[in-house]
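Here are some notes to read alongside the model, written for someone opening it for the first time. Keep the viewer handy and go through the points in order.

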Amino acid sequence: MLGLSIGLLFFAASLMPSMIPRAAFMQGALGGGMLAIGYLLGAAALWLWRYLELPEPEGAGRRMASLLAFCAGGAAAAAAVLFNLGYQNELRALMSMPELEQTHSIDVLGLALILFLVLFTIGRTLRWATIAAQTRLQRHVPRRLALVISIAVVALLSWNFANGVIIRGALNGADRGLQELDAFIDPDIPAPMAAERSGSPDSLIAWRSLGARGRTFVAGGSSAEEISEFHRGAEALTPIRLYAGLNSADDAAARAELMLQEMLRAGAFEREILIVASPTGTGWIDDEAVDPLEVMHQGDTAIVGMQYSYLSSPLSLVFEPDRAPESARALARVVHDHWSAMPPETRPRLYLHGLSLGSYSSEQALSPLQAISAPIDGALWSGPTFNNFIWKSLTQGRNPDSPYWSPRIDDGSVVRFTTQENTLGDANRTWAQSRAIYLQYPSDAITFFEIDSAWRPPEWMKGQRGPDVSEEFRWYPIITMFQLAVDMATATNVPKGFGHLYAAEHYIDAWEALTNPESWTEADGERLKAMFRGR
């Protein structure tokens, strides 16, 4: 009864809002998982109490305590189910999302119960196996020692089965599926004919070798005619977009050298703006980030990227953690070496850019020696992951009067943070020559997830909340960590401008502050935002 009572309390807390609105399936999965974890913790606590042979209440007092605990858990769970729809709709209203159906709470309850019963059955099976092993062992060793050995053996065998069969099988299946998806050539995306693009007839890099995300990137963007139209007929160039896929060369170093030759062929070092973009795990470079920059600078830009994986960012980060930084360093090194050898008056302005896992690797792209000997012009990092080294150091060392989710760093001359609300003009000093901007949304759990939230409230929950984070979001031990984990998994299931889905209009503010385009006005910025909102 104790386990079920704690499980019901965990279930109730899991239905409270967090960062991202949850559909019935995700809410049900979270609720069922928390019900099972709470039950497990309660049962484990009771087992430990009895294992230590501590005194227990007996008779009517014990039954009354159990009943009261169960009633408290049941009442909390019933109230949470009753109010869950309202909480979720309030959070959805913050993000301009439609309200949920009235059947949402019933669906959540049903899904949670199904998952709990599945997990309960698995738990009972493991308990039976442990008891069976203990019964055999205690013929040869003391009872307590037999129990400990049985628990260890069953746990080890279960972990090896789950890791070696279930998880490994799922990963192998995902690996094959994503590899096939990466190799698929979409007939609706024709190979570019312009010499300024990789995969074109003039390119050193074959169209087929670019990968699915690379082909999308080089075929995308605004044309010179569209850019010229935005600038009221002023002459515009075709933006340079260059990309090397995993199949373009054997390893990161070879791909980087090939990219350098491709850049020299296409005239990338002759443009006004040169961006070294680190993609996400699948090789994706977000058009919302780079397309506005090309329009802003009348196409006088070159953007280069290099694929390092075809796994999604979370899988790539866990199972091949060194690939992203290795790829970013290889490309940045060859580009920076060539760029720094050029006369300062003729070389382009050089910037780094990365979204999500791309920001994680881009932060590590240049060594301290390179950054000191020939400083680049700046960096724009969006949706940084909670593991980003520089981001974490800056955020923890922020000015004390600034919130965790929108930190101010010293006088703002070198690094500035911004959110949906443009705060880039709030600093007390003008920009340094080399500068960096972090674009992040308070509702982005990929940025603000913390393992520590299992036992203490995160810093960003203290004081003023971000504009897109519910005031009803409360911290609960263990549960909040799992809520944030689910929020990470669903961080792109929101409209642009929230969660982990970054909108062009916020990139426009950032690029404007970072690159300071010539003769650019506030009205131009508003026209560009309107142009991308209409797409």
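1. Start with helix 17, which is mostly covered: 10 of its 12 residues are buried. Keep in mind that this is a predicted model. The buried set is made up of Ala504, His506, Tyr507, Ile508, Asp509, Ala510, Trp511, Ala513, Leu514 and Thr515.

2. What does the covering? Among the elements lying over the buried residues of helix 17 are strand 2 (273–278), strand 4 (349–355), strand 5 (378–382) and strand 7 (435–439). Helices take part as well, including helix 9 (287–296) and helix 18 (522–533).

3. The length of helix 17 checks out. It covers residues 504–515, and at 1.5 Å a residue those 12 residues should span 16 Å; the end C-alpha atoms are 16 Å apart, so the two agree. Just after helix 17 comes asparagine 516, and its phi is positive, near 45°.

4. Now look at strand 4, one of the elements covering helix 17. Strand 4 is itself mostly covered, with six of its seven residues buried. On one pairing, strand 4 runs parallel to strand 2, and six bridges join them; here alanine 277 has histidine 353 of strand 4 as its bridge partner.

5. Strand 4 also pairs with strand 5, again in the parallel sense, over five bridges. If you want one pair to find on screen, take leucine 355, whose bridge partner in strand 5 is serine 382.

6. Which residues touch the most other members of the largest nonpolar core? That core has 97 residues, and the answer is Met263 and Val335. Leaving aside residues up to four places away in sequence, valine 335 touches Met263, Phe269, Leu274, Val276 and Leu350. Another core lies apart from this one: it has 11 residues, among them Leu8, Leu35, Ala77 and Val81.

7. Finally, a polar residue to look up: glutamine 307, in the loop between strand 3 (301–306) and helix 10 (313–319). Is glutamine 307 buried or exposed? Its relative accessibility is 1%, and buried means under 20%, so glutamine 307 counts as buried. As for where its side chain goes, the side chain of glutamine 307 reaches the backbone nitrogen of leucine 246 at 3.0 Å.

Conventions: Residues numbered from 1 in each chain as written. Predicted model: local features only at pLDDT ≥ 70, side-chain atom pairs only at ≥ 80, totals over all residues. Heavy atoms only, no water. Helix = DSSP H or I, 4+ residues; strand = E, 2+ residues; numbered from the N terminus. Expected span 1.5 Å × (residues − 1). Buried < 20%, exposed > 50% of the residue type's maximum accessible area, 1.4 Å probe, protein only. Contact = heavy atoms within 4.5 Å. Core = buried A, V, L, I, M, F, W, Y, C linked by side-chain atoms within 4.5 Å. Polar contact = N/O pair within 3.5 Å; in protein donor to acceptor, adjacent residues only side chain to side chain. Pairing = 2+ DSSP bridges.
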